[in-house]
Amino acid sequence: MMPGRILAGLFAVTPFGLLLATNQQPKKVDYTHDVYPILSAHCSKCHFGDQKLAGLLLDSRAEILRGRVVIPGKSASSALLVRILGQGGMPRMPMGFAPLSDSDISTIRTWIDQGCIESTSGNHKHWAYVKPIRPKLPKVSNTQWVRNPIDAFVLSRLDQLKLKPSPAADRTTLIRRLCLDLTGLPPSPAEVDAFVADSRPDAYDRLVDRLFASPHYGERMALPWLDAARYADSNGFQQDGDTFQYVWRDWVVKALNDNMPFDQFTVEQLAGDLLPTKDVPENVVRNRQVATAFNRNHMLNGEGGAIPEEQRNVGLFDRVDTTSTTWLGLTMTCARCHDHKYDPLSQKDYYSLMAFFNNVPESGVPSDVNGPYYIAKPWVYAGTDEEMANFKALEGSVTEANRNVQKDEQSPELPGLQAQWEATTLKALDDTKTAQQLKVPVNIAAALKVPSGKRDVANAKVVRDYFLENGLTGSFKETRTKWHDLEKQLAEARNRLPKVMVMSDAQPRQTHIYSRGNYEAPLADVAASTPASLPSMPTNAPKNRLGLARWIISPENPLTARVQVNRYWQQFFGKGLVKTPENFGVQSEAPVNPELLDWLAVEFRESGWNVKRLQRLIVTSSTYRQSSKVSPTMVKMDPDNRYLARGARFRLPSMVIRDAALAASGLINLKVGGKPVYPYQPKAIWDGLNITDERDFSYPQSNGADLYRRSIYTFWRRTVKPGDMFDSSSRQVCTVRPSQTSTPLHALTTLNDVAWVEAGRALAEKVMRESKANSKGRLIDAFRRVCARTPSVKELAILQRALTQSISAFQSDPASATAYLRQGDSKRDAKLDPIEEAGYASVCLAILNLDEALTRE
Amino acid sequence: MNPFFERDLRISRRQFFGKAASGIGVLALGGLLSQDGFASSLQGLAHQRHGTPPLPGLPHFAPKAKRVIVLWQGGAPSQVDLFDHKPGLAAHRLEELPESVRAGTRLSTMTASQGKYPILPAIKPFRQYGNSGTWMSELLPHIGSVADDICLVRTMNTDAVNHAPGVTFFLTGSQIPGRPSMGAWASYGLGSMTDELPSFIVMTSSDEKKTCGQLFFDYYWGSGFIPSKFQGVQFRSDGDPVLYLTNPPGMSADLRRKVLNDIAELDHQRLSEYGDPEIETRITQYELAFKMQTSVPELTDISKEPKSVLDMYGPDVLKKGTYAHNCLLARRLIERGVRFVQLMHSGWDQHSNLDTQLALQCRDTDQPSAALVKDLKQRGLLDDTIVLWCGEFGRTVFVQGDINRRDGHGRDHFGKCYSLWVAGGGFKGGKVHGETDDFSYKVVKDPVGVHDMQATILHQLGIDHERLTYRYQGRDFRLTDVSGQVVRPIIS
């Protein structure tokens with residue numbers, strides 16, 4: 001039976017709007033929080049700010065009253081409502097644009113009928129600009145359901161709407177949900193069995209603990225952060241040179257695995273280079289520098305003719321936009337050219353914020369080129385601790401070896417040896433035969449012929465240098481050779497070491513406001529400062545990135561904690577409590593459950609920004625554990641599941657889909673961290689980049705185990721993203737909202753890409769080898785490895801029919817079976833019958849393509 | 001939806017699958033699983049719907065055009081040599097460009113510090129074409145032959161001085177990557193006209209020797225912050241035309257069809273238990289993927305094109321990946337209901353090889369571009385198809401490099417005035433728009449900015465460029481940002 005059936009019956013004839021209206025205590029609607037966002041979205045083109053069509057302004061309650069378009073308490077005779085309804089024989093407003101939605105109209109109607117309240121909270125500021133305070137826990141209808149405060153807030157909202165939460169999902173669904181959410185990997189059948197059989201009262205918590213402790217937790221959690229940080233392994237644009245920013249990616253994964261508090265995570269990435277270094281171990285200092293790569297991950301244009309200063313400013317803009325979107329949910333970009341139209345952000349605020357990032361000793365274009373790598377100063381060597389220790393030791397050895405060489409050169413024996421060598425060499429030079437073998441350069445030979453006492457200084461030096469390199473013998477020669485060898489080793493080591501682009505304030509610059517964002521049209525000077533409308537930085541705080549970072553995580557900042565918990569929520573529920581994670585400003589969508597958002601934000605901050613603790617609260621809540629089954633009535637009432645009367649169900653990100661397929665098939669290589677790898681990509685994927693002879697852009701496909709690393713480690717070329725990573729962010733600009741679309745091209749990818757075809761084949765081999773000999777057992781096993789649950793009798797019948805069908809198709813054309821099994825580099829098990837295996841492989845690929853396989857339920 | 005009605009439908013679905021499994025009705029499956037879920041799937045069998053509808057309220061007014069083909073001339077063709085006829089320059093050959101003309105113009109770093117700016121008149125003569133008598137280079141005889149069908153705009157101008165920002169600006173409305181491209185906007189606003197092909201398709205080509213060095217980045221056809229299903233799909237000349245289009249080796253079309261039926265049947269099981277409409281969407285997309293596997297190879301197979309048509313496009317047409325081949329495919333795409341086709345050709349960045357490359361580029365692109373216009377016209381498709389031929393900017397009237405070396409000189413980037421042409425879709429044929437100064441250096445009359453051109457193209461598609469918006473970061477973004485005016489004189 002459908003879980004929503006009872007509800008469906010209850011509300012079968014009740015439209016959603018009526019539900020709201022029958023609420024016993026109707027919510028007070030006010031201008032600041034409810035009406036202003038609607039009017040600014042729909043009316044601002046003609047009736048806001050300097051746009052005053054028909055003399056009417058709608059951008060404040062006072063103006064609306066002055067314009068006499070509302071009569072408080074009487075919506076039916078208020079011109080505002082009449083016009084947006086298109087009544088009274090006048091054109092419907094907004095003229096020429098889509099009419100307001102019913103719910104927006106009803107909000108305005110209620111606002112007028114309730115007497116045009118300015119603000120219910122006594123605060124006239126937009127909610128997100130007011131520091132959150134921990135709301136009291138609401139009273140709810142069913143305290144049994146409340147496992148933690150999250151549930152109280154969710155249930156209270158459902159109570160208001162007279163909705164009931166869904167029952168908890170079954171254990172099999174829950175373990176798959178938790179595994180995919182927390183590690184991005186599906187559970188094995190054994191893990192499912194163990195969890196289902198675990199009768200201990202804390203079985204769920206134990207599972208959650210295990211997953212939080214997994215080294216793969218950080219990999220999963222890093223994905224949205226890499227999107228926000230527009231992380232890639234190349235610069236973008238014409239040369240699209242490779243970079244070493246993967247060291248930063250590993251820093252992120254480790255920080256998340258270590259549960260680094262979010263405030264430290266913030267400070268190190270924004271200003272790790274500015275933290276005190278006294279008595280701090282060298283590797284810690286280095287890691288903090290690496291963390292600041294966050295603001296060097298932007299695109300870098302090395303196109304011939306690119307104007308460095310222009311490109312440098314493009315990078316600066318990107319830092320401002322990315323930092324303010326990621327941490328503050330502010331749309332600063334608007335203020336680049338003019339004061340923000342909706343939010344209290346001035347153009348001066350924009351450039352004052354930019355001033356924090358404007359002291360980097362950089363040119364704006366790549367400065368150091370080595371092979372495929374094009375990087376821009378400043379950068380640091382950033383190998384592993386071991387590599388760095390070895391490198392340091394090697395540097396020491398070179399210094400030591402050089403000292404020995406210099407000692408040798410001072411040796412009293414040396415002049416005699418040189419005289420001897422000169423005599424022998426001169427003699428040999430006289431004979432044409434031996435002279436040819438000696439290969440003494442012409443200029444040296446000439447200099448040698450001048451008696452040693454009569455050579456000028458330059459020639460004497462040339463001869464001596466040549467002797468030192470070529471004429472030494474015995475221990476003198478050994479010392480010198482050793483020095484050269486070590487120097488060569490050092491150069492190679494230097495070449496090998498990753499060089500990570502990082503932040504630095506070594507080049508202070510004066511920042512200006514730019515007229516309409518044009519760097520060639522500077523206006524007034526500005527100093528580094530945070531937006532004036534937000535709480536200011538403490539007066540004693542340094543006016544640099546460190547001060548900025550500390551301001552961002554200060555308890556006074558109204559945005560940071562909310563923005564962050566909203567994105568965690570989005571990760572676990574598909575959508576944030578605020579649907580616009582990139583914008584918390586006036587034009588954002590108001591949260592459906594503002595108390596919950598504020599409670600989470602305060603809890604997060606007061607817990608010492610403990611990320612795992614907060615996420616643990618979320619995933620252990622009853623809200624999270626609900627079944628995601630839904631009745632048609634509920635789909636209609638709450639299509640986006642904003643009120644959370646059911647669990648979230650959404651398609652997995654493509655990176656996770658690939659990882660899950662690799663994991664189910666057993667092909668996956670779970671190595672954590674390191675250089676990016678090059679899994680299968682379509683033929684000639686990068687060939688379009690081969691525009692000059694400067695560089696070969698043939699795709700350097702990896703071999704063996706590297707083909708099966710997790711998708712986070714796939715080399716991300718900024719100009720051509722991996723062909724099979726559909727719906728992923730382009731990693732060109734900051735992205736904090738995942739794209740969730742469904743197109744035929746996605747289906748073609750998971751049906752035909754060799755990665756999935758090979759995974760299907762490997763899964764087939766696995767179940768043929770490991771499961772019971774009958775097809776039923778094998779198909780169940782394959783299905784469970786992908787979907788965790790056991791297929792129903794009906795589903796199993798379909799799978800068995802599919803298997804028979806596939807086997808008979810391959811039987812009728814045995815060559816096709818061989819061809820099908822040849823996909824992918826992994827070696828197939830030759831002991832298996834190819835026809836039968838191809839049949840299973842085809843069914844396994846179908847299982848990997850089920851909606852359920854692609855979805856987190 | 002009425003739950004009872006829905007259950008009835010599901011029963012009919014189950015019965016249907018019984019048939020599909022036994023091999024009957026495979027073709028009808030697509031109809032049953034058509035786009036909008038239950039309601040339309042009932043109608044589906046009766047009259048199949050094609051494509052997806054436009055946004056509510058769109059088009060804003062009766063459109064003149066339904067489709068667009070962009071013939072992108074990457075690298076920036078020289079307006080001085082091809083379109084902007086300045087006979088007076090010949091008398092000033094290699095004289096210094098007057099400071100009064102040059103002052104205050106932003107140049108790229110390649111010539112900003114050159115110090116000398118000798119004038120180089122058009123390297124080949126101009127002549128008049130068509131009844132309209134349009135002046136164009138004799139290097140463009142074929143485009144000349146359709147002079148009466150094209151509208152030549154000589155007063156384009158752009159802020160960009162380098163390629164990537166210039167292309168990004170023209171195709172997305174902003175110099176900085178991240179905005180939706182014109183094709184994405186059109187698909188988003190107007191919907192698609194076919195189920196069997198993506199509504200926005202991109203193909204690339206390059207001059208044979210790759211002298212140009214221009215790359216085409218995917219954000220030139222990206223969807224920016226609007227849903228990624230609106231981004232352009234690249235048709236490739238090497239391997240599968242669409243990534244992952246072909247079944248894996250050994251997987252026959254027949255077996256794949258059966259496998260897809262199995263997947264759909266299992267997904268329906270899940271749908272009946274979970275009720276999530278997303279499952280319905282997924283089933284539809286898998287069905288469309290199958291359709292695309294047949295329609296794309298049919299589309300790219302030009303073996304049935306008559307010789308007369310192939311001849312029109314010139315000898316390169318038979319070679320995959322060439323501009324000529326892509327032009328022919330563009331027509332085939334348009335015929336099959338694709339909304340927006342963007343050909344990205346690279347070859348015009350003639351800094352140092354104007355003398356050696358200009359003629360070659362004209363040879364490669366002149367005939368196919370003209371053939372496309374003629375071909376569309378003779379099929380009655382030109383009336384409602386816009387063909388836009390343009391690059392990211394123009395080139396300087398003065399020499400870059402050493403005039404004494406044949407392969408050592410050319411012209412630098414120049415955005416203050418350059419030329420493009422548009423045909424079809426209600427643009428006025430035989431029209432020349434705008435006036436530039438004697439040096440092709442400044443616009444004298446009727447300037448046309450990039451946003452103006454975009455506004456005009458959208459206008460012809462029935463879109464008010466100020467009203468096709470997408471809310472992101474709290475702001476209603478549009479292709480033309482905060483400017484753009486429809487250029488009335490060039491449209492009918």
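Gln128(B) lies in strand β2 of chain B, which spans residues 126–129. The model described here is predicted. With 12 C-beta neighbours inside 10 Å, Gln128(B) is classed as exposed, because a residue with 12 or fewer such neighbours falls in that class. The points below begin with this residue and then turn to a buried helix of chain B, the overall build of chain A, the nonpolar cores, a helix pair and the contact of the two chains.

**Surroundings of Gln128(B)**

- Once neighbours within four places in sequence are set aside, Gln128(B) is in contact with Gly133(B), Thr134(B) and Trp135(B).
- Pro141(B) is 13 residues away from Gln128(B) along the chain, and the C-alpha atoms of the two are separated by 10.0 Å.

**Helix α8 of chain B**

- Helix α8 of chain B covers residues 182–190 and is mostly covered, with nine of its nine residues buried.
- Among these buried residues are Met182(B), Trp185(B), Tyr188(B) and Leu190(B), together with Gly183(B) and Gly189(B).
- The packing partners of the buried residues of α8(B) include three strands of chain B, namely β1 (67–74), β5 (200–206) and β7 (340–346).
- Two helices of chain B, α7 (163–172) and α14 (450–460), also pack against the buried residues of α8(B).
- Gly191(B) follows α8(B) and has a positive phi, near 75 degrees.

**Overall build of chain A**

- Chain A contains 37 helices and eight strands.
- Along the principal axes, the C-alpha atoms of chain A fill a box of roughly 115 × 80 × 50 Å.
- Of the 857 residues in chain A, 49% are buried.
- Among the contacts in chain A with a separation of 6 or more, 70% join residues 24 or more positions apart.

**Nonpolar cores**

- In soluble globular proteins, nonpolar side chains tend to be buried together.
- The largest nonpolar core holds 336 residues, and the members that touch the most others are Val500(A), Cys844(A), Ile847(A), Val387(B), Leu388(B) and Val422(B).
- Beyond its neighbours within four places in sequence, Val500(A) is in contact with residues including Phe244(A), Val247(A), Trp248(A), Val290(A), Ala293(A) and Trp379(A).
- Gln245(A) is also one of the residues in contact with Val500(A).
- Another core, of 21 residues, lies apart from the largest one and has Val70(A), Leu80(A), Leu81(A) and Trp111(A) among its members.

**Helices α25 and α27 of chain A**

- Helix α25 (residues 560–573) and helix α27 (residues 611–620) of chain A pack at an angle of about 40 degrees, with their axes 11 Å apart.
- That angle makes α25(A) oblique to α27(A), and the crossing of the two helices is right-handed.
- Val565(A), Tyr568(A), Trp569(A) and Phe572(A) are the residues of α25(A) that meet α27(A), where their counterparts are Leu614(A), Gln615(A), Ile618(A) and Val619(A).
- The residues of this contact divide into seven nonpolar, one polar and no charged.

**Contact between chains A and B**

- Chain A gives 80 residues to the contact, and chain B gives 70 residues.
- On the side of chain A that touches chain B, the elements giving two or more residues are α29 (632–637), α31 (744–752), α34 (793–812), α35 (814–821), α36 (834–848) and α37 (851–854).
- The largest share of that side, eight residues, comes from α31(A).
- The residues on the side of chain A that touches chain B comprise 35 nonpolar, 32 polar and 13 charged.

Methods
Residues are numbered from 1 along each chain as its sequence is written. Chains are lettered from A and ligands numbered from 1 in the order in which they are written. Two residues are in contact if their C-beta atoms, placed from the backbone, lie within 7 Å. Helices (H or I, at least four residues) and strands (E, at least two) are DSSP runs, numbered from the N terminus. Ala, Val, Leu, Ile, Met, Phe, Trp, Tyr, Cys and Pro count as nonpolar, Asp, Glu, Lys and Arg as charged, and the others, Gly among them, as polar. A residue is buried if 20 or more other C-beta atoms lie within 10 Å of its own, exposed if 12 or fewer, and partly exposed in between; C-beta atoms are placed from the backbone. A nonpolar core is a set of buried Ala, Val, Leu, Ile, Met, Phe, Trp, Tyr and Cys residues joined through C-beta atoms within 7 Å. Axes are lines fitted to C-alpha atoms, for helices over the stretch in contact, and angles run from 0 to 180 degrees between N-to-C directions. Angles under 35 degrees count as roughly parallel, over 145 as roughly antiparallel, 65 to 115 as roughly perpendicular and the rest as oblique. A crossing is left-handed if the near helix is turned anticlockwise from the far one by less than a right angle, and right-handed if clockwise.
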